[in-house]
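Visitor: Hello! Could you teach me how to read the empty spaces inside a protein model?
Guide: Gladly; let us look together.

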Amino acid sequence: MANHVVNYDGSITTSPQQLIYPQSVEEIQAILRDPVTYPSPVRAMGNYHSLTPCASSDGTIINMTKMAGVVAIDTANMTFTAQAGMQIIDAAKALRVQKLQMILNIEIGNMTLGSAACCHSKDALDGIQFGQVSSYVTRMKWVTPAGDLAEAFDADNPELLYLMRSSYGLCGIVYEVTLQIKPIEALHFTYLPIAAEQLTQAQVDNLLDTSEGLICWTVNRTAIFQQCFRVAEPGILSSLLADIRRFLWSYAGAHVGQLINRFVNDPTLRNALQQGDFDAAKLLYSALHLTGGITILAPDKIIDYHATPDNAKYAFTFWAFPRSQWLATYLAYLDFADQYFQSTGFRCNMPLGSYHIRRDASSLLSYTQDQEIVSIDPIHAPTDLAAWQAFLQAFNSFAAQRGGIPLLNQSPFVTPAQAAAAYGPRWQQFSDAVRSADPGSRMLNPYFAAILASESSK
């Protein structure tokens with residue numbers, strides 16, 4: 001029987017000849033050393049929440065989810081070590097028992113530690129220092145494409161760790177990760193609605209400079225700035241508020257958007273209902289503003305999507321822009337989205353997200369390598385996949401023309417030219433490093449083979 005692997009939102013299906021669930025490092029070594037039984041390309045996979053075919057293979061997929069144990073919680077050095085198949089949400093639960101947390105508690109709790117350690121991620125609400133999980137990885141262990149064991153430690157070989165933090169499994173299969181941790185913290189979120197046309201660069205700079213974390217949500221042409229601040233105590237309602245927040249994101253918001261698109265065929269009525277949904281979202285944000293916002297524990301930001309039904313799932317894309325040009329790009333995007341709606345009838349049915357991520361040169365492909373960024377993240381609960389994918393490709397052209405930087409696991413349909421332009425000389429450096437680590441292309445799937453830069457002539 002054929003193996004069928006489907007990503008989270010159902011947009012990608014791959015059928016490997018071999019789908020393996022190893023339970024030991026030795027099993028991974030044996031797989032990589034036996035290309036006859038386990039044909040190339042060999043790709044490691046966690047829960048496949050990715051929106052690109054970065055983990056796809058028609059050869060061999062190694063699903064890491066059965067290697068998900070805690071190795072050590074070191075309270076003296078404040079580090080957490082676990083097998084790579086452990087989910088972020090399970091790591092947070094293990095730490096919470098000791099009143100500890102990861103430094104960065106990203107929203108998508110089903111991402112595995114192995115994926116977080118070597119792939120792009122993002123968070124803007126407790127990224128007080130950095131917004132990428134891999135930046136807090138202090139040690140990583142992996143099996144090389146040849147089946148040998150390797151590791152990198154920030155104190156001994158930081159250059160190798162710098163590569164591995166954005167290696168996407170192309171240099172080997174990560175099986176153990178060590179992350180920095182800290183005592184559990186409470187976060188307070190405030191919400192400030194501002195009409196997009198009234199925004200000034202001075203306002204945006206002030207919001208960025210006075211927030212410990214910042215996301216801008218946009219509904220129609222109303223920007224809602226969600227600021228984050230650390231506080232001493234979460235308050236008696238924190239658990240309830242966190243539950244409500246998780247319900248809205250893991251089910252309710254996308255479910256309503258899908259219902260309208262799926263069952264209302266008349267364009268006029270559908271647009272009216274969508275507008276009513278947008279108005280309800282703006283009313284909720286206004287209420288949060290008037291009541292002073294919410295306070296929750298930082299790990300409660302993490303959302304478990306494993307039980308989310310198909311009719312409540314949403315998709316997104318992510319392009320990063322320099323802080324200094326975000327406002328102009330953001331306003332241009334709102335015009336682009338309105339014009340696209342007028343010409344095609346398609347518009348995203350969920351709020352637009354924009355994440356502030358601080359400058360971070362911890363990995364070769366860090367999208368904040370040169371400067372801090374604010375992203376533009378269209379979010380949509382699709383019922384017509386072709387329409388959503390056409391929009392994504394049009395948005396990619398818009399973003400690339402304005403110097404945006406995409407993520408290899410969260411920005412679908414990025415072209416080789418767009419990747420090369422976004423990452424500059426680092427893209428060639430990355431491509432060369434991948435070929436050096438895997439000269440036999442044991443890990444190289446068609447997605448990466450098509451997008452990597454050609455072999456340098458040096």
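Guide: On a 1 Å grid over the protein atoms alone, a cavity is a set of points where a 1.4 Å probe fits but cannot get out, and lining residues have an atom within 4 Å of a point. Points are joined across faces, edges and corners, and a volume is the space filled by probe spheres set on them. This is a predicted model, in which local features need pLDDT of at least 70 and side-chain atom pairs count only at pLDDT 80 or more, while totals for chains, interfaces and linings use all residues. Residues are numbered from 1 along each chain as its sequence is written, and side-chain values use heavy atoms, with hydrogens and water left out.

Visitor: How many cavities of 30 Å³ or more does a search of the whole structure find?
Guide: Two. The largest holds about 50 Å³ of space, and the second largest has about 40 Å³.

Visitor: Which elements supply at least two residues each to the lining of the largest cavity?
Guide: Helices (H or I, at least four residues) and strands (E, at least two) are DSSP runs, numbered from the N terminus. Here the suppliers are helix H5 (201-209), strand S13 (213-219) and strand S18 (352-357). S13 gives the most, three residues. Among the lining residues are Val-204, Leu-214, Trp-326 and His-356.

Visitor: What classes do those lining residues fall into?
Guide: Ala, Val, Leu, Ile, Met, Phe, Trp, Tyr, Cys and Pro count as nonpolar, Asp, Glu, Lys and Arg as charged, and the others, Gly among them, as polar. The largest cavity has eight nonpolar, two polar and no charged lining residues. For the second largest, the lining has six nonpolar, one polar and no charged.

Visitor: Which residues line the second largest cavity?
Guide: Met-102, Ile-103, Leu-104, Val-133, Tyr-136, Leu-179 and Gln-180.

Visitor: Let us turn to strand S11. How many of its eleven residues are buried?
Guide: Buried means under 20% relative accessible area, exposed over 50%, partly exposed in between (1.4 Å probe, protein chains only). In S11 (residues 173-183), nine are buried.

Visitor: Which strands does S11 pair with?
Guide: Two strands pair if DSSP finds at least two bridges between them. S7 (residues 79-83) runs antiparallel to S11 with five bridges, and Thr-79 has Gln-180 as its partner. S8 (residues 100-102) is also antiparallel to S11, over three bridges, with Gln-101 opposite Lys-182. S9 (residues 137-143) joins S11 by six antiparallel bridges, and Val-137 stands opposite Leu-179.

Key: 1 Å grid on protein atoms, 1.4 Å probe; cavity = no way out; pocket = protein on both sides within 12 Å on 5 of 7 lines; lining within 4 Å.
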